Amino acid sequence: MTAIDRLQELTRPTGEEDLMAVRYPAPRLSVPVKPAAAVVVALLVAVGAWAATRGGGDEGEEVEWEQVASPTEVGGVVVVAVVGEVANPGLMTLNEGSRIADALQIAQPLPNADLLAHNQAQLLVDGQQIVVQAVGAAPPAAAAAASDSGGAGVVSLNSATAAELTALPGVGEATAAAIVAHREANGPFTTVEQLMDVRGIGPAKFEAMREQVGL
């Protein structure tokens with residue numbers, strides 16, 4: 001028997017090969033449910049965000065916001081009267097916080113107007129009357145009620161009548177009556193600042209009349 005015949009004899013199937021075959025189970029891929037769900041949700045969120053940015057319109061488009069003033073930005077107004085040596089006498093409405101200089105600018109004082117008689121930095125109060133006189137003219141009669149310690153043009157808080165007090169800027173009949181009532185109830189004023197103790201007179205109104213009152 002040749003070597004080739006011997007080799008063929010050894011490699012000839014015997015029918016027992018199937019018995020000797022070993023079959024291993026196929027490996028299974030196991031993925032935990034919760035982590036897998038989290039990954040899916042994250043992917044969906046990312047896709048949604050990308051779609052939103054792509055569908056937002058043209059790139060570089062700016063959104064215009066309407067500018068609306070808040071109620072606190074809107075101030076009040078005051079109505080004052082300017083009479084005397086001015087080209088435009090009468091009532092005028094100005095923003096709250098305006099000063100005598102603003103009212104005079106609208107009224108246009110005449111060349112002979114005595115502007116030094118007014119504190120142009122003084123704040124205006126509602127109901128105030130500004131009398132612009134000619135240079136050298138006498139002060140108005142009501143405002144000329146002399147005080148015991150002051151000169152002409154100063155209204156005495158301790159001796160002026162209610163009618164004379166109405167000549168003060170921002171002082172009407174009700175406020176004048178309140179000043180007289182305060183004087184009668186508490187005695188004479190000892191300082192002009194005590195005017196702010198009178199009902200209806202606050203810091204702004206007091207500043208408007210401060211230079212025109214005395215004791």
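**Exercise 1. Contacts of one core residue**

Which residues does Leu165 touch, not counting residues up to four places away in sequence?

*Solution.* The structure is a predicted model, in which local features need pLDDT of at least 70 and side-chain atom pairs count only at pLDDT 80 or more, while totals for chains, interfaces and linings use all residues. Residues are numbered from 1 along each chain as its sequence is written, and side-chain values use heavy atoms, with hydrogens and water left out. Taking contact to mean heavy atoms within 4.5 Å, and leaving out residues up to four places away in sequence, one finds that Leu165 touches Val155, Ser156, Leu157, Ala160, Val171, Ala176, Ile179 and Val180.

**Exercise 2. The nonpolar cores**

Identify the residues with the most contacts inside the largest nonpolar core, and the helix that gives the most to this core.

*Solution.* A nonpolar core is a set of buried Ala, Val, Leu, Ile, Met, Phe, Trp, Tyr and Cys residues joined through side-chain atoms within 4.5 Å, where buried means under 20% relative accessible area, exposed over 50% and partly exposed in between, with a 1.4 Å probe and protein chains only. The largest such core has 18 residues, and those with the most contacts inside it are Leu165 and Leu195. Helices H6 and H7 each supply at least two residues of this core, and H6 gives the most, with four residues. Apart from it lies another core, of 14 residues, among them Val80, Met92, Ala107 and Ile130.

**Exercise 3. Helix H6**

Test the length of helix H6 against its expected span, then describe its packing.

*Solution.* Helices (DSSP runs of H or I, at least four residues) and strands (DSSP runs of E, at least two) are numbered from the N terminus. The expected span is 1.5 Å times one less than the number of residues, so the 14 residues of H6 (residues 173–186) should span 20 Å, which agrees with the 20 Å between its end C-alpha atoms. Its buried residues are Thr175, Ala176, Ala178, Ile179, Val180, His182 and Arg183, and these pack against strand E4 (155–156), helix H5 (162–165) and helix H7 (203–209). His182 counts as buried because its relative accessibility is 17%, and beyond residues up to four places away in sequence His182 touches Gly187, Phe189, Asp197 and Val198. H6 is followed by Gly187, whose phi is positive, near 90 degrees.

**Exercise 4. Strand pairing**

In which sense does strand E1 run with respect to E2, and in which with respect to E3?

*Solution.* Two strands pair if DSSP finds at least two bridges between them. Strand E1 (residues 77–84) is joined to strand E2 (residues 90–95) by six bridges in the antiparallel sense, and the two form a hairpin with five residues between them. Within this pairing, Val80 stands opposite Met92 in E2. With strand E3 (residues 129–132), by contrast, E1 pairs in the parallel sense over four bridges, and there Gly84 stands opposite Val132.

**Exercise 5. An annotated motif**

Compare the record for the motif with the helix content of the model.

*Solution.* An unreviewed UniProt entry lists residues 163–182 and 193–212 as "domain: Helix-hairpin-helix DNA-binding motif class"; its positions are given in the numbering used here, feature names are shortened, and annotations may be inferred rather than shown by experiment. Residues 163–182 are 65% helix and 0% strand, with end C-alpha atoms 16 Å apart. For residues 193–212 the content is 35% helix and 0% strand, and the end C-alpha atoms lie 12 Å apart.
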